[in-house]
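The exercises below ask you to read a fold first through one of its residues and then as a whole. Try each task with the structure open before you turn to its solution.

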Amino acid sequence: MQIIWYKTKQLFSKVLLVITLVILLFCGLGKLPAAPAFAVVASHQEAPGQILYKSRHTIRDNNSNSWQLIVFKQIQPGQVSSTYLRLVGFPGTVEFKHPHPLKITVQTREFLAEDVFAQQAPGANIGQYDIASVLPHLQLGQRVKLEIPVNNAFPLSLAVPAEIVWEWQDIAAKGTENS
């Protein structure tokens, strides 16, 4: 009888240990710090000395519409380059209001980015903005809110995570390093 009691107690202890570990694992997963995201900035040599840097992401707006965000900078010898943000909405869903600036909000500060397609856009669902003057004002780790100027009756906004903003700042710094 004593052997049965000992084996039952040992089995119960093992089961209790496994259950406790499983509970701790599930409860602790949400509290562990996330691994840092590493930016992937693509570069492409278009011609000798001419390099295009870009970052591309898909984000949903406040109405669950999907948007493509493309930030790019083209470096050409002897020319001053700017950093641009191209926003592409689903065709037929949105129509940009040109020439209206893009409103960029960081915490309580607001910035305006100039509409590059003020005269002519390649499509009604495409907007492009010069963000070079805004990026230096953003600190690492800050997320931004983009208020998109569209012809819709309701306002559209995108919440851009800090990791993506960091990629944008990395692209803006390209070509300005001292070699």
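**Exercise 1.** Which residues does Lys73 touch, not counting residues up to four places away in sequence?

*Solution.* Keep in mind that the model is predicted. Begin by placing the residue: Lys73 belongs to strand β3, which covers residues 66–75. Next, collect its contacts, leaving out residues up to four places away in sequence, and you find Ile51, Leu52, Tyr53, Ser81, Ser82, Thr83, Ile171, Ala172, Lys174 and Thr176. Finally, take one of these partners, Leu52, whose C-alpha lies 5.8 Å from that of Lys73 although the two are 21 residues apart in sequence.

**Exercise 2.** Decide whether Lys73 is buried or exposed, and find what lies 2.7 Å from a polar atom of its side chain.

*Solution.* The cut-off for a buried residue is under 20% relative accessible area. Lys73 has a relative accessibility of 4%, and therefore counts as buried. Turning to the side chain of Lys73, one of its polar atoms is 2.7 Å from the backbone oxygen of Lys174, a residue that also appears in the list of contacts of Lys73.

**Exercise 3.** Describe the protein as a whole, from its elements to its surface.

*Solution.* Count the elements to obtain two helices and nine strands, and then read their order from the N terminus, which is α-β-β-β-β-β-β-β-β-β-α. Of the 179 residues in the protein, 32% are buried. Considering contacts between residues at least 6 apart in sequence, 55% join residues at least 24 apart. The protein exposes about 11,900 Å², of which carbon and sulfur atoms supply 59%.

How values were computed. Residues are numbered from 1 along each chain as its sequence is written. This is a predicted model: local features need pLDDT of at least 70, side-chain atom pairs count only at pLDDT 80 or more; totals for chains, interfaces and linings use all residues. Side-chain values use heavy atoms; hydrogens and water are left out. Buried means under 20% relative accessible area, exposed over 50%, partly exposed in between (1.4 Å probe, protein chains only). Contact means heavy atoms within 4.5 Å. Accessible areas come from the Shrake-Rupley method with a 1.4 Å probe; for residues, only the protein chains shown count as cover. Helices (H or I, at least four residues) and strands (E, at least two) are DSSP runs, numbered from the N terminus. A polar contact is a pair of N or O atoms within 3.5 Å; within protein, one must be able to donate a hydrogen and the other to accept it, and residues adjacent in sequence count only if both atoms are side-chain atoms.
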